[in-house]
Amino acid sequence: MKGVAERSEGVTLEGLRNRMAKFAKERDWDQFHSPRNLLLALVGEVGELSEIFQWKGEVPRGLPDWKDEEKEHLGEELSDVLLYLVRLSDICGVDLGKAALRKLELNAIKYPVKLCKGSSKKPAQINVTDNNDGNSNGGVMAISNSDSKSCSDGV
C-alpha cells in the first residue's frame, strides 16, 4: 500500500469522516453503526492498542528500540482507534474537531500554565506562594478539580 502514505498529506477529521461514511455506506454497515456498537468497537480497539505496550514498562519517545514491524502495528491500532472515534462522533452528530478545540480552551482555563507548568500535581494540590517573604503559605489553589485529573492530564 505504498500510495496510501503519499496521499496522506493534509488529512483532516472531515476528510476521514467523509471516507468512513462512504466506506460504511458501500458495505451497508450503517445499520450496525449505532453509537453503542461503535463505542464497544472503539473500546475493543483501545484494548488491542494497550496490548502493544503491555509488559514493556516505560518506553522512550519515538520508540527508538522498536522494530519497524512493531511501529507499523502500533500505527494500525492507533488508526483503528481514531477511525472508530471519528465514526462515533459522526453518528452522534458531534463535530469532533470543534469539540477538541473547545476542550483545549477549557483545559487552558482549568490548568493554567502559571500553576501547572512542569507539574503533575492536581490543581488543588499546588501550593501558592503569595506572601511577601516568598515562602509557601501552604494554601491550596482555589481551582476545583472534581474529576481528579492532574495538571499533566489536561487532554
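Asp68, Glu69, Glu72 and Glu76 gather on the surface in a patch of negative charge. The model is predicted, and alongside this acidic patch there is a nonpolar one to look at, made by Phe23, Trp29 and Phe32. A buried glutamate, Glu45, also deserves a moment, with no salt bridge to its name.

**The negative patch**
- Asp68, one of the patch members, has its place in helix α4, which covers residues 68-91.
- Asp68 counts as exposed because its relative accessibility is 62%, and the cut-off for exposed is over 50%.

**The nonpolar patch**
- Phe23, Trp29 and Phe32 together make a nonpolar surface patch of about 290 Å².
- You will find Phe23 in helix α2, residues 13-26.
- With a relative accessibility of 37%, Phe23 counts as partly exposed.

**A buried acid**
- Glu45 sits in helix α3, which spans residues 35-53.
- Although Glu45 is buried, it has no salt bridge: Arg87, the nearest side chain of opposite charge, is 14 Å away.
- Leaving aside residues up to four places away in sequence, Glu45 touches Glu77, Asp80, Val81 and Tyr84.

**Around Ala100**
- Ala100 belongs to helix α5, residues 96-110.
- The relative accessible area of Ala100 is 40%, so this residue is partly exposed.
- Ala100 and Val155 are 55 residues apart along the chain, and their C-alpha atoms are separated by 9.0 Å.

Technical notes:
Residues numbered from 1 in each chain as written. Predicted model: local features only at pLDDT ≥ 70, side-chain atom pairs only at ≥ 80, totals over all residues. Heavy atoms only, no water. Helix = DSSP H or I, 4+ residues; strand = E, 2+ residues; numbered from the N terminus. Buried < 20%, exposed > 50% of the residue type's maximum accessible area, 1.4 Å probe, protein only. Lys, Arg positive; Asp, Glu negative; His and termini not counted. Salt bridge = Lys/Arg side-chain N within 4 Å of Asp/Glu carboxyl O. Contact = heavy atoms within 4.5 Å. Patch = residues over 30% accessible without salt bridge, like charges linked within 9 Å, V, L, I, M, F, W, Y side chains within 5 Å. Areas by Shrake-Rupley, 256 points an atom, 1.4 Å probe, with all protein chains shown as cover. Charge placed at Lys NZ, Arg CZ, Asp CG, Glu CD.
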